Amino acid sequence: MKAVSIKEPGGPDVLEWIEVEDPVPAAGEVVIDVVASALNRADVMQRWGRYPLAPGTSPYPGLEVSGRISALGEGVTGWQVGDEVCALLTGGGYAQKVAVPAGQLLTIPKGVSLVEAAGLPEVTAMVWSNIVMTAQLKEGETLLVHGGVGGVGTSAIQIAKALGARVVTTVGGPEKAARALELGADVAIDYRTQDFAEFGSYDVILDVVGGDYLERNVRSLAADGRLVVIGLQNGLEGRLDLAEIVFKRISVHGTTLRTRSKEQKAEIVAAVQDKVWPMIESGTVQLVIDQTLPMAEAAEGHRLMEAGGHVGKILLVNE
């Protein structure tokens with residue numbers, strides 16, 4: 001089979017479409033013939049050499065796919081060869097085939113094509129596990145989402161609104177602000193000209209930016225507020241005011257899906273299938289796709305993601 005390999009840490013040009021060995025399913029795993037994958041910010045971090053991989057993790061990028069099951073490992077039940085699925089991965093999605101634990105498989109939601117479904121697993125699992133399972137967002141609370149028109153942001157706005165929350169988001173420019181409002185955000189803040197810390201207080205903040213946003217995030221939280229940091233686009237360091245945390249009883253969480261155990265991922269995937277898939281099938285939550293590229297042109301997808309002009313997901317398709 002072919003896969004996108006990272007020749008060495010660096011820019012998009014280090015991505016190569018090369019021949020590699022076919023995956024073999026271990027016990028409890030299936031092999032998927034990949035129809036499509038999708039880009040995530042973690043793929044870019046991995047390409048730059050800034051996302052260390054756990055032992056046994058596929059060296060190829062790609063945290064989600066859609067496709068058809070082509071092989072079953074020992075002990076797999078409830079799935080058959082030929083089933084159309086999408087899946088949350090630890091890596092290896094930029095390829096023609098990938099092995100994945102059966103507990104990380106999802107059905108294809110009604111009304112969503114097999115190609116489009118590749119853009120669902122990572123963002124829905126990321127959003128649900130963080131704003132609901134970790135931050136316990138409640139109806140009537142206010143959620144601040146940084147990066148409201150990215151893959152995670154477009155999903156977070158819609159899911160939070162479906163849960164009855166008020167949603168504020170930060171975006172870069174008036175066109176993106178208008179798009180965030182169309183998706184259901186109550187307020188869209190242009191971070192280039194406005195400071196989100198001046199727009200009131202928030203019960204929950206979902207932060208894909210990191211770095212120097214940390215201090216303002218904490219300052220902006222209401223009493224008993226919860227900050228969940230899931231991205232590091234602005235760097236690895238920020239300042240914390242412990243008095244703010246102590247006297248406002250603030251919780252600060254740092255999370256990622258990739259390093260969780262198979263059991264934890266299976267629990268999240270089951271919750272997404274049960275709670276989020278009905279929102280998608282009813283049209284309450286819609287996948288936002290910016291564009292679709294051939295898998296062999298993954299480097300171009302990375303250029304587009306780093307340029308920051310996209311809205312929603314960028315998909316990679318095996319032709």
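Leaving aside neighbours within four places in sequence, Pro23 is in contact with Met1, Val31, Lys97, Val98 and Ala99 in this predicted model. Pro23 itself belongs to the loop that joins β2 (15-19) to β3 (29-38). One of those contacts spans a fair stretch of sequence: Pro23 and Ala99 are 76 residues apart along the chain, yet their C-alpha atoms are separated by 5.9 Å. Pro23 counts as partly exposed because its relative accessibility is 23%, and the cut-off for a buried residue is under 20%.

Ala99 turns up again in the second largest pocket, which has a volume of about 490 Å³. Of the 30 residues in the lining of this pocket, Gly56, Thr57, Ser58, Gly91 and Ala99 are the closest to its centre. Two elements, β6 (97-101) and α7 (262-281), give two or more residues to that lining. The top contributor is β6, with five residues. Sorted by class, the lining of the second largest pocket comes out as 14 nonpolar, nine polar and seven charged residues.

Next come the spaces closed off inside the protein. Rolling a probe the size of a water molecule over the atoms shows where empty space is left. In this structure there is one cavity of 30 Å³ or more, and the volume of the largest cavity is about 50 Å³. Its lining is made up of Leu120, Val123, Thr124, Gly151, Thr154, Ser155, Gln158, Val285, Gln286, Leu287, Val288 and Lys313. Both α2 (121-134) and α3 (151-162) supply at least two of these lining residues. The largest share, four residues, comes from α3. By class, the lining of the largest cavity holds five nonpolar residues, six polar ones and one charged.

Val288, one of the residues in that lining, is worth a closer look. Val288 sits in the loop between α7 and β14 (289-294). With a relative accessible area of 9%, Val288 is buried, since anything under 20% falls into that class. Not counting residues up to four places away in sequence, Val288 touches Thr154, Gln158, Arg179, Leu183, Val311, Gly312 and Lys313. Among these partners, Thr154, Gln158 and Lys313 also appear in the lining of the largest cavity. Val288 and Gly150 are 138 residues apart along the chain, and their C-alpha atoms are separated by 9.0 Å.

Then there is the sheet. Strands of a sheet pair through backbone hydrogen bonds, either parallel or antiparallel. Here, six strands form an open sheet in the order β10-β9-β8-β11-β12-β13, and the pairing is parallel. The edges are taken by β10 (187-190) and β13 (251-254); each has a single partner strand, so one side of each is left without a neighbour in the sheet. From one strand to the next, the twist averages 15°.

Inside this sheet, β8 (residues 142-146) and β9 (residues 166-171) pair in the parallel sense over five bridges. Two of the bridge partners can be named: Val145 is matched with Thr169 of β9, and His146 is matched with Thr170 of β9. As for cover, β9 is mostly out of reach of the surface, with five of its six residues buried. A helix also meets the sheet: α5 (residues 213-220) lies across β8, β11 (202-207), β12 (221-229) and β13. The angle at which α5 runs to β12 is about 150°.

Finally, two residues stand out for their backbone angles. Most residues other than glycine have a negative phi, and most peptide bonds are trans. Gln136 is not a glycine, but has a positive phi of about 55°. Gln136 is found in the loop between α2 and β8, and counts as partly exposed because its relative accessibility is 45%. Asp224 also has a positive phi, near 65°, and is a residue other than glycine. Asp224 lies in strand β12, one of the strands that α5 lies across. With a relative accessible area of 38%, Asp224 is partly exposed.

Terms used
Residues numbered from 1 in each chain as written. Predicted model: local features only at pLDDT ≥ 70, side-chain atom pairs only at ≥ 80, totals over all residues. Heavy atoms only, no water. 1 Å grid on protein atoms, 1.4 Å probe; cavity = no way out; pocket = protein on both sides within 12 Å on 5 of 7 lines; lining within 4 Å. Points joined across faces, edges and corners; volume = space filled by probe spheres on them. Nonpolar A, V, L, I, M, F, W, Y, C, P; charged D, E, K, R; others polar. Pairing = 2+ DSSP bridges. Axes fitted to C-alpha atoms, helices over the stretch in contact; angles between N-to-C directions. Contact = heavy atoms within 4.5 Å. Buried < 20%, exposed > 50% of the residue type's maximum accessible area, 1.4 Å probe, protein only.
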